[in-house]
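Hi,

Here is the structure I promised to pass on. Have a look at it first, and my notes follow below.

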Amino acid sequence: MIHAVYDLTGCHLDGLPGEQIITAMREVAQRLGCTSRAQLIDPFQPHGATCVLVLAESHIIVSTWPECGLAHIDVFTCRAVVEPGEAIGPLLEVLGGQVTHSQHVPRLAPGQDIVGGAVLADSLEVPASGAGCR
């Protein structure tokens, strides 16, 4: 399982339509080798949005705070053909910021066990295409 989160600062988000974010998210999914299934754009008032792209393999979520120049990207998938950090370029272009913090979150895959609080497999490796997915 791959779960990567990115915090972007210095973003230029004023007037950025959610549809443009979703388009970039679809490009990220394509670069990851994932299949897009559904999308949701939830705009906030007076500004900002959370955009969700549901994947056959899980999801990509982007939340924005234009008043702070801040955006968060969450990529969760059971497989990818590239590391998520190599795939998020289209979102970086659209959001206009820089990654100031990133983290890979270890997640259990089906069939993995925990011993003493540690995952028994290297969950930060990118699984081969199709591995670990239904």
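How much space lies in the second largest pocket? This is a predicted model, and in it that pocket holds about 160 Å³. Its lining is made up of 15 residues, and those closest to the centre are Leu-13, Leu-16, His-47, Gly-48 and Ala-49. By class, eight of the lining residues are nonpolar, six are polar and one is charged. Both α1 and β2 contribute to this lining, with at least two residues each.

Now for the sheet. Six strands form an open sheet in the order β2-β3-β4-β5-β1-β6, and the pairing is antiparallel. The edges are taken by β2 (36–43) and β6 (98–104); each has a single partner strand, so one side of each is left without a neighbour in the sheet. On average, neighbouring strands here are turned by 10° against each other, ignoring direction.

If you want one strand pair to look at, try β3 (residues 49–55) and β4 (residues 58–65), which are joined in the antiparallel sense over five bridges. There you'll find Val-54 opposite His-59 in β4.

Helix α1 (residues 18–32) lies across β2, β3, β4 and β5 (70–77), and runs at about 30° to β3.

One last spot is Val-82, in the loop between β5 and α2 (84–87). Val-82 has a relative accessibility of 24%, so it counts as partly exposed. Its C-alpha atom is 7.9 Å from that of Gly-33, although the two residues are 49 residues apart along the chain.

Cheers

Note on methods: Residues are numbered from 1 along each chain as its sequence is written. This is a predicted model: local features need pLDDT of at least 70, side-chain atom pairs count only at pLDDT 80 or more; totals for chains, interfaces and linings use all residues. Side-chain values use heavy atoms; hydrogens and water are left out. Two strands pair if DSSP finds at least two bridges between them. Helices (H or I, at least four residues) and strands (E, at least two) are DSSP runs, numbered from the N terminus. Axes are lines fitted to C-alpha atoms, for helices over the stretch in contact, and angles run from 0 to 180 degrees between N-to-C directions. Contact means heavy atoms within 4.5 Å. Buried means under 20% relative accessible area, exposed over 50%, partly exposed in between (1.4 Å probe, protein chains only). On a 1 Å grid over the protein atoms alone, a cavity is a set of points where a 1.4 Å probe fits but cannot get out, and a pocket is an open set with protein on both sides within 12 Å along at least five of seven lines; lining residues have an atom within 4 Å of a point. Grid points are joined across faces, edges and corners, and a volume is the space filled by probe spheres set on the points. Ala, Val, Leu, Ile, Met, Phe, Trp, Tyr, Cys and Pro count as nonpolar, Asp, Glu, Lys and Arg as charged, and the others, Gly among them, as polar.
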